[in-house]
Amino acid sequence: MSPKTRAYLEKLYQLLEKMPEDERLDAIREIESHIAEGMAGGQSEEAILTRLGDPRVLAKAYRSEYIMEKGPARSFKDVMIMVGFYCSTGLLSIMVIPVLATIAYGFGFSAVLIFIAGIIRTFGVTWIQMNLGPGIEVPTEWSMLYSTIVGGIVGGIAYVSWRGLRNYMNFLSASYKKVLPGSRTA
């Protein structure tokens with residue numbers, strides 16, 4: 001076995017550290033067997049390793065398979081973590097992500113348009129209307145200040161929504177990592 005294959009198998013073994021020792025060794029033996037069979041069939045070692053892909057992805061697949069095979073042997077903690085994850089990401093994500101994304105990008109685009117409208121109106125374009133209320137029009141010379149204030153408020157709403165979207169997506173990522181068997185401490 002070449003040093004490259006040995007390094008690949010050692011990396012895979014390290015990534016499977018949260019699994020029981022016998023399960024780790026079974027996974028390594030299975031991959032070793034796969035490589036040996038491929039080489040006996042005339043494939044190059046490089047091609048086999050390329051087809052196997054990144055050892056991190058392969059390790060995740062083995063860990064996922066292991067936790068799914070645990071079935072009734074899952075601990076109460078494992079089950080509660082999975083329930084919490086699915087409850088927090090299901091229906092809530094269908095509502096939260098599109099709403100926050102629409103507000104963030106829609107209001108962000110609107111803030112830019114408001115600022116541009118203020119600049120254009122300041123230079124005498126009369127078809128752009130800016131009103132403080134019914135019958136109270138903003139004077140042309142105050143257009144830039146007005147559009148900066150209103151655009152800042154709308155832009156602030158866009159920024160807060162964007163930050164909320166990022167925080168929610170980070171929460172989902174962290175929850176997903178907790179569900180993976182090799183990503184948390186026992």
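**Glu46 and its partner**

Select Glu46. In this predicted model, Glu46 is partly exposed, with a relative accessible area of 44%. Now add Lys4. The two side chains form a salt bridge, and their closest N and O atoms are 2.6 Å apart. Glu46 sits in helix 3 and Lys4 in helix 1, so this pair ties together parts that are 42 residues apart in sequence. Lys4 is partly exposed too, at 46% relative accessible area. Side chains of opposite charge can pair when their charged atoms come close.

**More salt bridges**

How many salt bridges does the structure hold? There are 6.

Go to Arg6 and Glu32. Their side chains meet in a salt bridge, at 3.8 Å from N to O. This pair links distant parts of the chain: Arg6 belongs to helix 1, Glu32 to helix 2, and their positions lie 26 residues apart in the count. Arg6 is partly exposed at 36% relative accessibility. Glu32 is partly exposed as well, at 25%.

Next, pick Asp26 and Arg29. Here the N-to-O distance of the salt bridge is 3.0 Å. Both residues are in helix 2, 3 residues apart, so about one helical turn separates them. Color by accessibility and check both ends. Asp26 has a relative accessible area of 41%, which makes it partly exposed. Arg29 is partly exposed at 48%.

**Helix 3, the buried side**

Select helix 3, residues 45-52. Which of its residues are buried? They are Glu45, Ile48, Leu49 and Leu52. Look down the axis. These residues cover an arc of only 95°, which puts them on the same side of helix 3. Show the surroundings: helix 1 and helix 2 are among the elements that cover these buried residues. Then step just past the end of helix 3. Gly53 takes a positive phi of about 85° there.

**Thr5, facing helix 3**

Move to Thr5 in helix 1. Is Thr5 buried or exposed? Its relative accessibility is 0%, so Thr5 counts as buried. Leave out neighbours within four places in sequence, and Thr5 is in contact with Ile35, Glu45 and Leu49. Glu45 and Leu49 are also on the list of buried residues of helix 3.

**The largest nonpolar core**

Now display the largest nonpolar core, which has 16 residues. Start with Tyr8, Leu12, Leu16, Ile31 and Leu52, the residues with the most contacts inside this core. Helix 1 (3-15), helix 2 (21-40), helix 3 (45-52) and helix 4 (55-70) each supply at least two of the core residues. In soluble globular proteins, nonpolar side chains tend to be buried together.

Zoom in on Leu16. Beyond its neighbours within four places in sequence, Leu16 is in contact with Arg24, Ala27, Ala59, Tyr62 and Arg63.

Step back one residue to Leu15, which is in helix 1. Leu15 counts as partly exposed because its relative accessibility is 21%, and the cut-off for buried is under 20%. With residues up to four places away set aside, Leu15 touches Pro55, Arg56, Ala59 and Arg63. Draw a distance from Leu15 to Lys60. Their C-alpha atoms are separated by 8.4 Å, although the residues are 45 apart along the chain.

**Further along: Ile128**

Select Ile128, in the loop between helix 6 and strand 1 (131-133). Ile128 is buried, with a relative accessible area of 11%. What touches it beyond four places in sequence? Ile128 is in contact with Ala117, Ile120 and Arg121. Draw one more distance, to Ser143: the C-alpha atoms of Ile128 and Ser143 are 9.9 Å apart.

**A nonpolar patch on the surface**

Turn on the surface. Select Phe107, Trp142, Leu145, Ile149, Ile153 and Ile157. These residues form a nonpolar patch with about 570 Å² of accessible area together. Helix 7 (residues 143-179) gives the most to the patch, with 4 residues. Phe107 comes from helix 6 (residues 91-122). At 33% relative accessibility, Phe107 counts as partly exposed.

**Zoom out**

Show the whole chain as a cartoon. The secondary structure comes to 7 helices and 2 strands. From the N terminus on, the order is α-α-α-α-α-α-β-β-α. Of the 186 residues, 28% are buried. The chain exposes about 11,900 Å², and carbon and sulfur atoms supply 66% of that area. Among contacts with a separation of 6 or more, 63% join residues 24 or more positions apart.

Notes: Residues numbered from 1 in each chain as written. Predicted model: local features only at pLDDT ≥ 70, side-chain atom pairs only at ≥ 80, totals over all residues. Heavy atoms only, no water. Core = buried A, V, L, I, M, F, W, Y, C linked by side-chain atoms within 4.5 Å. Buried < 20%, exposed > 50% of the residue type's maximum accessible area, 1.4 Å probe, protein only. Contact = heavy atoms within 4.5 Å. Arc of directions from axis to C-beta. Areas by Shrake-Rupley, 256 points an atom, 1.4 Å probe, with all protein chains shown as cover. Patch = residues over 30% accessible without salt bridge, like charges linked within 9 Å, V, L, I, M, F, W, Y side chains within 5 Å. Salt bridge = Lys/Arg side-chain N within 4 Å of Asp/Glu carboxyl O.
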